[in-house]
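Good morning, everyone, and thank you for making the time. Please have the sequence and the model open while I talk, and stop me if you lose your place.

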Amino acid sequence: MAFLWFEAPSLGGWAVARLALGSYVITPGSQPLVRRARAGTHASFQARLVGSRTPTGAERWALCSPPHGIRVNGDPVCLGLRVLEDHDEIQAGPGERLFFSAERLAEIVAFPGGPRPVHCPRCHQLIEPGHLAVQCPGCQTWHHQSDQLPCWSYDARCALCPQPTALDAGLSWTPEQAHA
Ligand SMILES: [Zn+2]
Ligand SMILES: [Zn+2]
């Protein structure tokens with residue numbers, strides 16, 4: 001899961017968009033600044049934001065840009081490719097700033113299973129693959145979350161860390177914190 005923060009003068013601040021895995025084109029000086037890449041268009045070399053999954057299931061995002069194009073945290077993308085880290089600042093053009101955020105939200109999903117059995121820290125029972133569960137965005141620990149076993153939302157905080165369990169808690173990091 002990843003998000004892109006962008007300045008939205010019409011809203012008087014920052015707006016955020018969730019990035020779905022795939023390819024996006026960044027065109028400095030244009031509106032919109034970032035849009036989803038369409039398959040089959042190979043015009044001039046454009047700056048691209050590309051996200052995909054590693055063999056272990058982790059999500060990785062990279063920025064591909066001509067060497068004199070986009071900057072990340074003030075540096076040119078000197079080899080034409082840069083793997084993005086949480087809170088990286090992307091400067092597309094004058095006054096065009098974006099922030100990459102790898103923050104995750106608590107989501108109810110079917111538990112994908114793993115190499116070893118996983119026990120819920122709240123009820124201590126096994127979490128079976130396919131059962132509805134939430135992975136804590138803070139400590140990555142899985143908890144049941146179904147009508148029968150609402151273990152994640154049972155308390156205001158994660159069983160193992162201070163992460164709030166409200167499913168509509170929203171993102172906790174914003175670009176205002178970048179220079180704090
Ligand atoms: Zn449980
Ligand atoms: Zn936690």
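Let me begin with the surface: the chain exposes about 10600 Å², and 56% of that area is supplied by carbon and sulfur atoms. I should say at once that what you are looking at is a predicted model, so please take the values that follow as computed from that model. Of the 180 residues in the chain, 34% are buried, and the C-alpha trace spans about 55 × 35 × 25 Å along its principal axes.

Turning to the secondary structure, the chain contains 14 strands and zero helices, so that, if you read along the sequence, you pass through one β element after another, fourteen in the pattern β-β-β-β-β-β-β-β-β-β-β-β-β-β. As for how the chain meets itself, 38% of the contacts with a separation of 6 or more are between residues 24 or more positions apart.

I would like to dwell on one sheet, which is open, has five strands in the order E4-E3-E5-E6-E9, and pairs them in the antiparallel sense. Which strands stand at the edges of this sheet? They are E4, residues 34-36, and E9, residues 81-83, and because each has a single partner strand, one side of each is left without a neighbour in the sheet. From one strand to the next, the twist averages 25°. As a reminder, strands of a sheet pair through backbone hydrogen bonds, and they may do so in a parallel or an antiparallel way.

Within that sheet, please find strand E5, residues 47-53, and strand E6, residues 59-64, which are joined by six bridges and pair antiparallel. You can check the register yourselves, since Arg53 has Glu59 of E6 as its bridge partner, while Ser52 is partnered by Arg60, again in E6. The hairpin that E5 and E6 make has five residues between the strands, and there Gly57 takes a positive phi near 95°. Strand E6 also runs antiparallel to E9, to which three bridges join it, and here Ala62 stands opposite Val83 in E9.

Now to the aromatic side chains, where the structure holds four aromatic pairs. In one of them, Trp14 and Phe99, the ring centres are 5.4 Å apart and the planes lie at 70°, so the pair is edge-to-face. This pair links distant parts of the chain, with Trp14 in strand E2, residues 13-19, and Phe99 in strand E11, residues 96-101, which puts the two 85 residues apart. Are these two residues buried or exposed? Both Trp14 and Phe99 are buried.

A further pair is made by Tyr24 and Trp61, and this one is tilted, with 6.1 Å from centre to centre and 40° between the planes. It too links distant parts of the chain, as Tyr24 belongs to strand E3, residues 22-26, and Trp61 to strand E6, 37 residues apart. Tyr24 is buried, and Trp61 is buried as well.

Finally, which residues form one aromatic cluster? They are Trp14, Phe99 and Trp173, so please add Trp173 to your view when you return to the edge-to-face pair.

Conventions:
Residues numbered from 1 in each chain as written. Chains lettered and ligands numbered in written order. Predicted model: local features only at pLDDT ≥ 70, side-chain atom pairs only at ≥ 80, totals over all residues. Heavy atoms only, no water. Pairing = 2+ DSSP bridges. Helix = DSSP H or I, 4+ residues; strand = E, 2+ residues; numbered from the N terminus. Axes fitted to C-alpha atoms, helices over the stretch in contact; angles between N-to-C directions. Phe/Tyr/Trp six-rings, centres within 6.5 Å; stacked < 30°, edge-to-face > 60°. Buried < 20%, exposed > 50% of the residue type's maximum accessible area, 1.4 Å probe, protein only. Contact = heavy atoms within 4.5 Å. Areas by Shrake-Rupley, 256 points an atom, 1.4 Å probe, with all protein chains shown as cover.
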